[in-house]
Amino acid sequence: MATSIGLSVSYLSQLESDDRPMTDAVLAAFARAYPDDWAEISSDEHSTLLARAAAAANDPTIPGPMPEDVLLRGVARQPLFADRLVAVHEAYHRSQDQLRSIDDAFERGTGRAVPLPWDEVRDWFHEAGNYIASLDQEAERLFEETAARDVPAIEDQLKRRHDVTVVRAPGPLLSNFDELNNRLTVDRSVRPESLLFLVAHRFMRLELAGIIKNIAASARLESAESIQLLSIGLANYAAGAFLMPYTAFRAEARRLRHDIDALTQAFGVSFEQACHRLSTLQRPGAAGIPFYFCRVDMAGNITKRHSATRLQFARFGGACPLWVVHEAVAIPDRILVQLAETPDGVRYVAMAKGLVKPSGSYARPSRRYAVALGCEAIHASDFVYADQVDLSGVGGATPIGISCRICPRENCEQRAFPPAGRTLLVNPNCRGIVPYEFA
């Protein structure tokens, strides 16, 4: 933190102990390094304006940072002008969000006013910050109460508390719960970590039925199908929180520097489950590193996504082809690492791994996809995968975007579509990678 702010460790320690005052210059440095976190910390009107103005003035999408002394003088002498600068900057970001929404609608290719159930539920989790406090805390409490850490222990809890019997049998479904006979049938071909998750899912669905029902009912979704999908998603969330209880998982993740393979061994879960759980560690007062997480299929579709970082995914269509996750799909069981930079100048360290889930039968194709987990480069020292990345150089980062239609990069050799809202310049006598330029 001291390095990112430009202070000595001792100076930062004195700030923590209230042995030094928080001057405007230091506040501006904090706001520049942590724009999303710092703006709401101070209730003082001047400090809040300074933090917001520093974030606006140092937006990396605008060439040339504003000198700190100029910023401090401007806020002190012309607070109304500084407030206007902040308002314009926020309006700019709103326009970018609107452009992203237009791109989403174009990719979806429908004029329906009612969103599709799958998209609606996915958006609900995203807007909730992918952290559901009531479920997370109850799942952690149940883990401590039952000490059920493996399949036999959870099966025992299902039998004793809900009179549910678990059986394994071949079948086309991963699992099937017979409510009439209180029997959970699980496909015998599933891997041990999948079996663990399936029995934990049913245990959470029964134990936390009231909480899940209340959350789904208050979500204000458009259709009955959306509510049913949300209830399944909430039970999945609770199962992950039960198998990887918040406090223990966060502590172990920090100790292991977020080594996914080591976490899977420590908690008996799959690689994807551990990645997903890391992206949910956003408990107020005890948050983990802000990660983004996604899952991409062989066609490039993002089938799972969440970001606690400034990076936001396109809600529909494929992601930037320069992103390492696409390469990982074709190389299963190998971890790829990438230092990437988005158009706003923020750098991310990303880890991606291709995965294969066997179907259990030659007649059914295996599922192939890749997962990606990444954080801003400022957290690289706590992310073991960043050890093989050179973070010191000015170059070296792969320039990625969100979606071609909202990406401003002019010289991208992987561009699939022209950017929306830009004037195309077409010269029949000149041909580059794409048959146009834009202004």
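**Entry 1: the sheet**

I opened with strand 6 and strand 9, which pair in the parallel sense over 2 bridges. Looking for a facing pair, I found glutamate 341 opposite proline 399 in strand 9. A reminder to myself before going further: this is a predicted model.

Next I followed strand 6 to its other partner. Strand 6 (335-341) runs antiparallel to strand 7 (residues 347-357), and 7 bridges join the two. Here glutamine 338 stands opposite alanine 350 in strand 7. The hairpin of these two strands has 5 residues between them, and in it glycine 345 takes a positive phi near 90°.

How many strands form the open sheet, and in what order? I noted 6 strands, in the order 5-4-8-7-6-9, with mixed pairing. Strand 5 (302-307) and strand 9 (398-399) are at the edges; each has a single partner strand, so one side of each is left without a neighbour in the sheet.

At the strand 5 edge, I looked up the pairing with strand 4 (residues 291-297), which is antiparallel over 5 bridges. Cysteine 294 faces arginine 305 of strand 5 there.

**Entry 2: the whole chain**

I stepped back for the totals. The protein chain has 17 helices and 11 strands. Of its 439 residues, 43% are buried. I also checked how far contacts reach along the sequence: among those between residues at least 6 apart, 58% join residues at least 24 apart.

**Entry 3: the cores**

In soluble globular proteins, nonpolar side chains tend to be buried together. With that in mind I went looking for cores. The largest nonpolar core has 73 residues, and Ile154 and Phe242 have the most contacts inside it. Which helix gives the most to this core? My note says helix 13 (residues 224-243), with 9 residues. Another core lies apart from this one; it has 24 residues, including Tyr292, Cys320, Val329 and Leu336.

I then listed the surroundings of phenylalanine 242, leaving aside neighbours within four places in sequence. Its contacts are Ala139, Leu142, Phe143, Thr146, Ala148, Ile154, Ala200, Phe203 and Met204. Happily, Ile154 turns up in that list, and it also appears in the helix packing below.

**Entry 4: helix pairs**

Two packed helices are described by the angle between their axes and the distance between the axes. I looked up two pairs with that in hand.

The axes of helix 10 (residues 151-162) and helix 11 (residues 192-207) come within 9 Å and cross at roughly 25°. Angles under 35 degrees count as roughly parallel, so helix 10 is roughly parallel to helix 11. The crossing is left-handed. From helix 10, Val151, Ile154, Gln157, Leu158, Arg161 and His162 take part; they meet Leu195, Leu196, Val199, Ala200, Arg202, Phe203, Leu206 and Glu207 in helix 11.

For helix 9 (residues 133-146) and helix 12 (residues 209-217), I found axes that come within 10 Å and cross at roughly 170°. That makes helix 9 roughly antiparallel to helix 12. Ser134, Leu135 and Glu138 in helix 9 meet Ile211, Ile212 and Ile215 in helix 12.

**Entry 5: loops worth a stop**

Most residues other than glycine have a negative phi, and most peptide bonds are trans. I therefore made a note of two residues with a positive value.

Arginine 220 has a phi near 55° and lies in the loop between helix 12 and helix 13. Is arginine 220 buried or exposed? Its relative accessibility is 78%, so I wrote it down as exposed.

Aspartate 333 has a phi near 60°. I found aspartate 333 in the loop between helix 17 (324-329) and strand 6, and at 57% relative accessibility it counts as exposed too.

Threonine 280 sits in the loop between helix 16 (271-278) and strand 4. With a relative accessible area of 3%, threonine 280 is buried. Not counting residues up to four places away in sequence, threonine 280 touches Asn130, Tyr131, Tyr237 and Tyr246.

My last stop was threonine 23, in the loop between helix 2 (9-16) and helix 3 (24-33). Threonine 23 counts as partly exposed, at 33% relative accessibility. I also looked up its separation from serine 47: the two are 24 residues apart along the chain, and their C-alpha atoms are separated by 9.5 Å.

Conventions: Residues are numbered from 1 along each chain as its sequence is written. This is a predicted model: local features need pLDDT of at least 70, side-chain atom pairs count only at pLDDT 80 or more; totals for chains, interfaces and linings use all residues. Side-chain values use heavy atoms; hydrogens and water are left out. Two strands pair if DSSP finds at least two bridges between them. Helices (H or I, at least four residues) and strands (E, at least two) are DSSP runs, numbered from the N terminus. A nonpolar core is a set of buried Ala, Val, Leu, Ile, Met, Phe, Trp, Tyr and Cys residues joined through side-chain atoms within 4.5 Å. Buried means under 20% relative accessible area, exposed over 50%, partly exposed in between (1.4 Å probe, protein chains only). Contact means heavy atoms within 4.5 Å. Axes are lines fitted to C-alpha atoms, for helices over the stretch in contact, and angles run from 0 to 180 degrees between N-to-C directions. Angles under 35 degrees count as roughly parallel, over 145 as roughly antiparallel, 65 to 115 as roughly perpendicular and the rest as oblique. A crossing is left-handed if the near helix is turned anticlockwise from the far one by less than a right angle, and right-handed if clockwise.
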